[in-house]
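Got the viewer open? Load the model, put the sequence panel beside it, and let's walk through it stop by stop.

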Amino acid sequence: MIIFFIGKGTDFMVGFLKRCIGLIITLLGVTALSFLMANISIVDPAEAYARNVFLHPTEEQIVQIRTEMGLDRPLYQQYIQWLGSSLRGDLGVSLQTKNTVASDIGQKLPITMQLVGMSLLWVVVFTIPVALITALRKNSWFDHVVRIATILGASLPNFWLGFLVLLLFAVTFPIVKVVDYGNLMSLILPSLVLAVPVASISIRLFRATLLSNLNKDYVAYAKARGLSNGRIVWVHVTRNSLPPLIMLFGQYMGHMIAGSAIVESIFSLKGVGMYLIDAIMARDLPTINGCVLVIALIFVFGRVLADIVNWRLNPRMMDKGEGAL
């Protein structure tokens, strides 16, 4: 990525490197905090694992498992060792499946990525046209209806909306099957449920940004030059209003993967979200830490990708070495 933008100026390179360093620090902080919280729980992971192996484990067996898992060492040593192994691609072995965590995530991540990808597609399809109409027809009946709908959409919990959608379209009106993973139809309902809160927030944000840009001086200047309203809105106003929306998409990429567990459980999708929930219930520390690392990496990738797209859309941001909002 750096090579791609090497000719765009030193200021951009400095700003880009600063953002990358900040995201790396964020990644280390997230993994360290997750590692700490997973290890300070009142539930002893060695005892939880021993109860899965032995029906009634003795204290000696629990101590032996704790030693084998390395849980008897100081926490900072455990984290440093885990971080070093993770940098080599070794996320450990799952205590539940007995497979490597990396291979399990490799099998389950595509399911979650398909779900999140279709959800983001729904967000784009609904956000841009609806926000444009509400901004251009401010305070109209359509604007008021959308305002109420987006407030409800952002407030509804995913689990309630998921059960409601499943009840309507799989039971009352059996358009889809309750358990039918493996085709495109099986992802439509869960992706819509996952997309509703993000689309609601995105519509409000994009509408506010559009209204702000419609009142800028460059719009009055463009009208004075004789440009059509359609060209002003689609070419200038929309282009200048996209950076906050793109940054929101980049942030929600990781957020939707982490929050997909509820939707996956409702629609019986065996993705990373369900894998992480099962690991938390079983106190499977290697799996918990591995999943959090992957989700954090995707979040960081989404932020960097959003920055690059914003810099490409607005060269002035790139020349000044500024990040997106």
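The tour goes from the whole chain to single residues, then to a charged network, the core and the surface.

**Before you click**

You're looking at a predicted model, where local features need pLDDT of at least 70 and side-chain atom pairs count only at pLDDT 80 or more, while totals for chains, interfaces and linings use all residues. Residues are numbered from 1 along each chain as its sequence is written, and side-chain values use heavy atoms, with hydrogens and water left out.

**Stop 1: the whole chain**

Show the protein chain as a cartoon: there are 14 helices and zero strands. Helices (H or I, at least four residues) and strands (E, at least two) are DSSP runs, numbered from the N terminus.

Switch to a surface view and the protein chain exposes about 17,400 Å², with carbon and sulfur atoms supplying 68% of that. Accessible areas come from the Shrake-Rupley method with a 1.4 Å probe, and for residues only the protein chains shown count as cover. Of the 325 residues in the protein chain, 44% are buried. Buried means under 20% relative accessible area, exposed means over 50%, and partly exposed is in between (1.4 Å probe, protein chains only).

How do the contacts spread along the sequence? Among those between residues at least 6 apart, 74% join residues at least 24 apart. A contact here means heavy atoms within 4.5 Å.

**Stop 2: helix 13**

Select residues 285-313, which make up helix 13. Is its span what you'd expect? The expected span is 1.5 Å times one less than the number of residues. For the 29 residues of helix 13 that should come to 42 Å, and the end C-alpha atoms are 42 Å apart, which agrees. Now bring the surroundings back: 21 of the 29 residues of helix 13 are buried, so this helix is largely enclosed by the rest of the structure.

**Stop 3: helix 5 and its neighbours**

Next, pick residues 101-136, which is helix 5, and find Trp122 in it. Trp122 is partly exposed, with a relative accessible area of 24%. Not counting residues up to four places away in sequence, Trp122 touches Ile188, Ser191, Leu192 and Ala195. Try a distance label: the C-alpha atoms of Trp122 and Ser191 are separated by 7.8 Å, though these residues are 69 apart along the chain.

Jump across to Pro197, found in helix 8 (residues 185-214). Pro197 is buried, at 16% relative accessible area. Its contacts, leaving aside neighbours within four places in sequence, are Gly153, Ala154 and Asn158.

Back in helix 5, click on Thr134. Thr134 is buried, with a relative accessible area of 0%. Beyond its neighbours within four places in sequence, Thr134 is in contact with Phe142, Asp143, Val146 and Arg207. Two of those names, Asp143 and Arg207, turn up again at the next stop.

**Stop 4: the salt bridges**

How many salt bridges does the structure hold? Two. A salt bridge is a side-chain nitrogen of Lys or Arg within 4 Å of a carboxyl oxygen of Asp or Glu.

Show Asp143 and Arg147 as sticks: they form a salt bridge with the closest N and O atoms 3.4 Å apart. Both lie in helix 6 (residues 141-155), four residues apart, about one turn of the helix. Asp143 counts as buried at 0% relative accessibility, whereas Arg147 is partly exposed at 22%.

Now add Arg207, which also forms a salt bridge with Asp143, the closest N and O atoms being 2.9 Å apart. This pair links distant parts of the chain, with Asp143 in helix 6 and Arg207 in helix 8, 64 residues apart. Shared partners join Asp143, Arg147 and Arg207 into one network. Arg207 is buried, at 8% relative accessible area.

**Stop 5: the nonpolar core**

Select Ile105, Leu210, Met256, Phe267 and Ile288: of the 75 residues in the largest nonpolar core, these touch the most other members. Such a core is a set of buried Ala, Val, Leu, Ile, Met, Phe, Trp, Tyr and Cys residues joined through side-chain atoms within 4.5 Å. Zoom in on Leu210: its contacts, leaving aside neighbours within four places in sequence, are Ala131, Leu132, Ala135, Val237, Thr238 and Ser241.
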